[in-house]
Amino acid sequence: MPKLNENYLQLKDSYLFAEIAHRTAAYTEKNPDKPVIRLGIGDVTRPLCECALKALHEGVDAMASTDTFKGYGPEQGYAETRNAIAGYYKRNGIDVDPAAIFISDGAKSDTGNITELFGEGNVILIPDPVYPVYVDSNTMFGNKVTYISGNAENDFLPMPDHSQHVDVIYICSPNNPTGACYNKQQLKEWVDYALENEAVILFDSAYEAFIADPELPRSIYAIEGAKKCAIEFCSLSKTAGFTGTRCGYTVVPKELVFQSSTGVEMSLNAMWNRRQSTKYNGTSYIVQHGAAAVFSEEGIRECQENLEYYKKNAAVIADTLTELGIRFYGGKHSPYIWFECPNGMDSWTCFDYLLENIQVVGTPGAGFGENGKNYFRLTSFGTYENTVEAMRRFKTLF
Ligand SMILES: *Cc1c(COP(=O)(O)O)cnc(C)c1O
């Protein structure tokens, strides 16, 4: 009999979306005449932009003849795509070496797989509430997690505790689920803390494209010193509607060098390169060619139009909650609005209350951690019409 990875026994059941689907289905079965509006959706809904579509078609056509056919590509990604991403960073005023950029099939895989580069016994700091992948991937590896609390007192932007040493720090900004976004000064404090502690920051910037204020950092590398302490994960999923097409990228600067227990220098860039070359055979050429087009001037402009659509929805939700005096976070530099459940309800009670009374479905904050238990997440990924109607219903209820 094989000995299994019993760390899997330690995983908490991820029943969140199944439970939402179950309760919603039970309600619609009993009330077929009451249309439900879903604002819990964590997936984009707008189609791919013209630029990306054209390039994807070109990618397919390249496969049709021997002189342009592509077989296995470089595991790290094609130069075309890596250069396009470096150009995108440059456009935002940040220098990133294309050799530090690794193309993947999305940020979920990379944020999950990165645990392989770290050994046992690290102090791993993860915010609560949080995107569940960080916690679960560490649990699968047998790592113990230390939580740092995001709450109303710190506007869901926890700051380092300088009296505590940590080795690995997860940060997601703009944040899923809270929509909160760190400013430069706050991120600088994290970078300085990481440098002092010789810690590594794992920075998830999947929602960077939603940042409207040029003063807010869209990358951890907007902060001086970050290349010595941070890996950045990003994705075309929310930026360009690639949730189904699949493409992401991870930046592992060559400056990230640490000593092994025996004093050997180890480069995280070289380790990730080895990890990917061993276990990943690259993102398809077709998708990478489409991804490169997303980062052209035209592509950025077209994607921005889709983001504007979502942002308009977010503004409708934010304006309504403001009018109703319901305290919320996000909605400005993020597709997410995280509100405090009115009347002291816990998040599942709030879920049932909204479903029963106004047929609006969202995501109970309890699904993202202990600190989410009195909060509720709405997303701006629905249609404009549904968002407006959902908010009209909110006004009848609160
Ligand atoms: C959606 C999301 C991602 C992107 O995942 P992909 O695998 O690239 O689709 C990464 N991080 C967070 C926090 C997300 O919400």
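A pocket, as the word is used here, is an open set of grid points with protein on both sides within 12 Å along at least five of seven lines. The structure described below is a predicted model. With that term in hand, a short tour of the pockets and of the ligand can begin.

The second largest pocket makes a convenient starting point, with a volume of about 390 Å³. Its lining is made up of 16 residues, and L117, F118, N122, F258 and Q259 are the ones closest to the centre. Strand 9 (257-259) and helix 8 (268-279) each bring at least two residues to this lining, and strand 9 has the largest share, with 3 residues. By residue class, the lining of the second largest pocket consists of 9 nonpolar, 5 polar and 2 charged residues.

The largest pocket encloses about 1200 Å³ of space. A total of 42 residues line this pocket, and Y131, P132, V133, G367 and F368 are found nearest its centre. Several elements take part in the lining: helix 1 (16-30), helix 4 (107-113), strand 3 (124-128), helix 5 (132-140) and helix 7 (236-240) each provide at least two residues. Helix 5 contributes the most, namely 5 residues. The lining of the largest pocket counts 19 nonpolar residues, alongside 11 polar and 12 charged ones.

Where, then, does the ligand sit? The space that the ligand takes is the largest pocket. Around the ligand there are 14 residues, and D204, Y207, S235, S237 and K238 approach nearest. Two of the helices already met in the pocket lining, helix 4 and helix 7, each also supply at least two residues of the shell around the ligand. This shell divides into 6 nonpolar, 4 polar and 4 charged residues.

A closer look at individual contacts helps to place the ligand among its neighbours. Y207 has a polar side-chain atom 2.5 Å from an oxygen atom of the ligand. In the side chain of S235, an N or O atom lies 2.6 Å from a ligand oxygen atom. For K108, by contrast, the backbone takes part: one of its N or O atoms is 2.9 Å from an oxygen atom of the ligand. The ligand on its own would expose 390 Å², and the protein buries 93% of that area.

Taken together, these results place the ligand in the largest pocket, with Y207 and S235 among the residues that come nearest to the ligand.

How values were computed: Residues are numbered from 1 along each chain as its sequence is written. This is a predicted model: local features need pLDDT of at least 70, side-chain atom pairs count only at pLDDT 80 or more; totals for chains, interfaces and linings use all residues. Side-chain values use heavy atoms; hydrogens and water are left out. On a 1 Å grid over the protein atoms alone, a cavity is a set of points where a 1.4 Å probe fits but cannot get out, and a pocket is an open set with protein on both sides within 12 Å along at least five of seven lines; lining residues have an atom within 4 Å of a point. Grid points are joined across faces, edges and corners, and a volume is the space filled by probe spheres set on the points. Helices (H or I, at least four residues) and strands (E, at least two) are DSSP runs, numbered from the N terminus. Ala, Val, Leu, Ile, Met, Phe, Trp, Tyr, Cys and Pro count as nonpolar, Asp, Glu, Lys and Arg as charged, and the others, Gly among them, as polar. A residue is near a molecule or strand if one of its heavy atoms lies within 4 Å of it. A polar contact is a pair of N or O atoms within 3.5 Å; within protein, one must be able to donate a hydrogen and the other to accept it, and residues adjacent in sequence count only if both atoms are side-chain atoms. Accessible areas come from the Shrake-Rupley method with a 1.4 Å probe; for residues, only the protein chains shown count as cover. A molecule sits in a cavity or pocket if more than half of its atoms lie within 2 Å of its grid points.
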